[in-house]
Amino acid sequence: MSAAYKRILLKLSGEALMGDDAYGINEDVVTRIVSEIAEISRLGVQVGVVIGGGNIFRGMKGAASGMDRATADYMGMLATVMNAMALADAMRRMDVEARVQSALRIDQVVEPYIRGRAIRHLEEGRVVIFAAGTGNPFFTTDTAAALRGSEIGAQIVLKATKVDGVYTADPKKDPDAQRYHRISFDEAIGRNLAVLDATAFALCRDQKLPINVFSIFKPGALRRVVMGEDEGTLVHS
């Protein structure tokens with residue numbers, strides 16, 4: 001079977017890298033996530049990754065405690081660079097070529113984000129990890145995922161979460177909650193479903209860039225999504 005998508009943008013939260021730890025990067029979790037990315041890369045799928053930084057520092061939390069919001073957001077961007085470097089190193093250990101591109105220039109550490117170079121890396125089979133969000137404060141890494149996905153011509157944005165899709169209610173609180181298999185952008189807005197933040201969601205809708213929300217903690221889920229199987233929730237135009 002061939003993959004349903006040739007090029008994808010995977011959005012990973014920083015919290016996903018913690019596993020059951022309270023803080024930081026859990027090596028076992030990173031190794032498992034990277035092994036799943038490696039599997040789809042070896043299927044010929046071109047993979048871009050946007051990584052968050054909430055396992056190290058969350059800009060919104062810093063701002064809520066009285067820190068200047070722009071300063072807090074820049075600190076959060078630097079946290080995503082650390083996570084991106086950890087992912088790239090784990091990929092190196094699995095013989096997967098990867099490049100980190102940062103929206104903030106840190107040339108001694110990682111490449112600057114250059115769209116043409118990123119696309120060339122993808123075409124040559126390298127995984128590209130996009131760090132530092134959009135490079136601007138007041139925007140989330142969800143928005144960075146929608147932006148980078150649009151820029152590189154991804155066919156879909158895959159949002160990796162702790163739950164296996166979008167539900168009619170919180171499945172932890174409501175045992176009768178049902179998972180949506182497919183839902184349109186307009187339906188998601190009408191039902192006030194939290195798929196991505198509002199800016200990211202609007203960008204995906206305007207660019208007709210579908211989103212699949214799935215659980216990164218469910219073994220094999222990423223591969224099933226890429227193969228076009230019924231996994232997670234597909235939000236489409």
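## A tour from strand β8 to the nonpolar cores

Begin by selecting I211 together with V235, since V235 in β9 is the bridge partner of I211. The model on screen is a predicted one, and this pair is a convenient place to enter it.

Extend the selection to the two strands around that pair: β8 covers residues 211-215, while β9 covers residues 233-236 and runs antiparallel to β8, the two being joined by 3 bridges. Now add β6, which pairs with β8 in the parallel sense over 5 bridges; within this pairing, A160 stands opposite F214 of β8.

Next, show the side chains of β8 alone. Strand β8 is mostly covered, with 5 of its 5 residues buried. On turning the view, I211, V213 and S215 should be found pointing one way from the strand, with N212 and F214 pointing the other way, and all of them buried.

From A160, move to L12, which is in contact with A160 and, leaving aside its neighbours within four places in sequence, also with I33, I37, V49, V50, I51, G52, L87 and I216. L12 belongs to the largest nonpolar core, a set of 43 residues in which L12, I37 and I129 have the most contacts. To see where this core draws its residues, colour β1 (7-12), α1 (27-42), β2 (46-51), α3 (69-93), β3 (98-102), β5 (127-131), β6 (156-161) and α8 (221-226), the elements that each give two or more residues to it.

Finally, select L9, A118, F130 and V213, which are among the 29 residues of a second, separate core. V213 brings the tour back to β8, where V213 points the same way as I211 and S215.

Conventions:
Residues numbered from 1 in each chain as written. Predicted model: local features only at pLDDT ≥ 70, side-chain atom pairs only at ≥ 80, totals over all residues. Heavy atoms only, no water. Core = buried A, V, L, I, M, F, W, Y, C linked by side-chain atoms within 4.5 Å. Buried < 20%, exposed > 50% of the residue type's maximum accessible area, 1.4 Å probe, protein only. Helix = DSSP H or I, 4+ residues; strand = E, 2+ residues; numbered from the N terminus. Contact = heavy atoms within 4.5 Å. Pairing = 2+ DSSP bridges.
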